[in-house]
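Colleague: I am new to this one. Can we go through the labels and ask what earns each of them?

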Amino acid sequence: GGRTEIMKVFITRRIPQEGMKILSQAGVCKVSLWDSDEPVPRVELLKGVEGAHGLLCLLSDKIDTEVLDAAGPNLKVISTLSVGFDHMAMDEIKKRGVRVGYTPDVLTDATAELTVALLLATARRLPEGVVEVKNGGWSTWKPLWLCGYGLSGSTVGVIGLGRIGMAIARRLNPFGVKRLLYSGRTAKSYAAEVEGEYVPLDTLVSESDFVVVSCALTPETQGLCNKDFFSKMKNTAVFINTSRGAVVNQEDLYQALSSGQIACAGLDVTTPEPLPTDHPLLTLKNCGEYMETQGWKPQTARPHDAMHVVCGCEASWTYCQIL
Ligand SMILES: O=C(O)C(=O)CO
């Protein structure tokens with residue numbers, strides 16, 4: 001047999017043993033890694049990739065021209081342990097003939113479950129309820145206190161009906177959603193399964209009671225949710241983002257929440273992540289990164305919503321029927 005060229009592989013974080021085993025059993029890799037649960041510092045990344053044939057990176061590593069230059073001409077393949085790949089300069093990587101691997105689908109169910117959890121928690125004001133139970137704010141049951149927003153009979157708008165958007169739509173529909181709108185670059189044939197209506201973004205934003213962002217971060221979606229966007233939303237609308245922080249202009253979101261332009265927001269993603277603990281968004285009761293509103297106005301709740309109170313064990317109350 002011929003000589004086997006030894007491939008230098010740099011890994012930017014401590015990864016599961018199974019992954020390390022695959023690389024070592026291949027018998028052709030000389031692996032070095034940043035052996036920590038914390039992101040590799042930039043200088044160490046630049047040093048670590050030097051002469052590497054392969055790079056295994058994470059979301060937190062910006063893979064740009066500088067990193068590619070530092071790696072040099074050996075570099076053949078980059079794998080990212082992530083679903084998103086907005087942290088990588090794809091054009092530059094392709095130009096250099098470097099192949100890219102990623103891990104689509106591993107987080108589809110998890111992200112969809114998290115999105116539903118975040119949506120329900122935000123709309124039903126769970127974190128606020130927990131705080132009120134613990135701090136004694138819950139004095140007695142009050143019909144108009146901590147009113148929330150209901151999915152039943154609502155219009156849900158999904159921005160980006162990809163794998164994750166579809167998984168979210170499938171899970172939300174059984175809650176009695178009346179209309180499922182979606183927007184994106186193209187209409188999707190598979191949207192029929194969730195009775196999704198392909199609409200222009202403006203229509204989605206102005207007609208939805210829940211706006212769910214599940215698109216990729218691209219130059220087109222960067223800062224998509226801005227002042228203009230929030231100004232078109234209903235005052236009673238709930239905003240949920242589980243995509244990327246940079247899809248949202250956070251100053252504009254803060255204004256929309258603090259002025260009562262929109263009802264509340266649940267954020268799984270922010271810029272930066274996590275937000276500094278003194279960030280204005282974290283001062284709002286109507287913003288969950290979980291965060292609900294100083295600007296909350298019971299009179300803006302739709303009638304059936306005023307009938308639902310979430311606080312401690314008290315889950316709901318409906319109009320009395322005459323028996
Ligand atoms: O894998 C990704 O893209 C993620 O956002 C993980 O949180």
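Modeller: Start at the ligand, and keep in mind that the model is predicted.

Colleague: What makes the pair of Val-83 and the ligand a polar contact?

Modeller: A polar backbone atom of Val-83 is 2.7 Å from an oxygen atom of the ligand. A polar contact needs N or O atoms within 3.5 Å, so this pair counts.

Colleague: Which atoms of Gly-84 and Arg-244 face the same test?

Modeller: For Gly-84 it is a backbone N or O atom, 2.7 Å from an oxygen atom of the ligand. For Arg-244 it is a polar side-chain atom, 2.8 Å from an oxygen atom of the ligand. The cut-off is 3.5 Å, so both pairs pass.

Colleague: Which residues are around the ligand?

Modeller: Leu-59, Ser-82, Val-83, Gly-84, Leu-107 and Arg-244. They are listed because each has a heavy atom within 4 Å of the ligand.

Colleague: How do you know that β1 and β2 pair?

Modeller: Count the bridges. Five join β1 (residues 7–11) to β2 (residues 29–33). Pairing takes at least two, so these strands pair. They run parallel. Phe-10 stands opposite Ser-32 in β2.

Colleague: How many bridges link β1 and β3?

Modeller: Three, in the parallel sense, with β3 at residues 54–57. At least two are needed, so this is a pair as well. Here Val-9 stands opposite Gly-54 in β3.

Colleague: Why is the unit of β1, α1 and β2 called right-handed?

Modeller: Point the strands away from you. The path from β1 over helix α1 (residues 17–25) to β2 then runs clockwise, so the β-α-β unit is right-handed.

Colleague: What lines the second largest pocket?

Modeller: The pocket has a volume of about 280 Å³. It is lined by 17 residues, and the closest to its centre are Val-9, Leu-23, Leu-55, Leu-56 and Ser-79. β1, α1, β3 and β4 (77–80) each give two or more residues to the lining. The largest share, four residues, comes from β4. By class, the lining has 10 nonpolar, six polar and one charged residues.

Colleague: Where are the cis peptide bonds around Pro-272 and Pro-274?

Modeller: Pro-272 is in the loop between β11 (264–267) and β12 (287–288). Pro-274 lies in the loop between β11 and β12. One cis bond joins Thr-271 and Pro-272, with omega about -10 degrees. Another joins Glu-273 and Pro-274, with omega about -10 degrees.

Colleague: What is the phi of Arg-125?

Modeller: Positive, about 60 degrees, although Arg-125 is not a glycine. Arg-125 is found in the loop between α5 (108–123) and α6 (126–134).

Methods
Residues numbered from 1 in each chain as written. Predicted model: local features only at pLDDT ≥ 70, side-chain atom pairs only at ≥ 80, totals over all residues. Heavy atoms only, no water. 1 Å grid on protein atoms, 1.4 Å probe; cavity = no way out; pocket = protein on both sides within 12 Å on 5 of 7 lines; lining within 4 Å. Points joined across faces, edges and corners; volume = space filled by probe spheres on them. Nonpolar A, V, L, I, M, F, W, Y, C, P; charged D, E, K, R; others polar. Polar contact = N/O pair within 3.5 Å; in protein donor to acceptor, adjacent residues only side chain to side chain.
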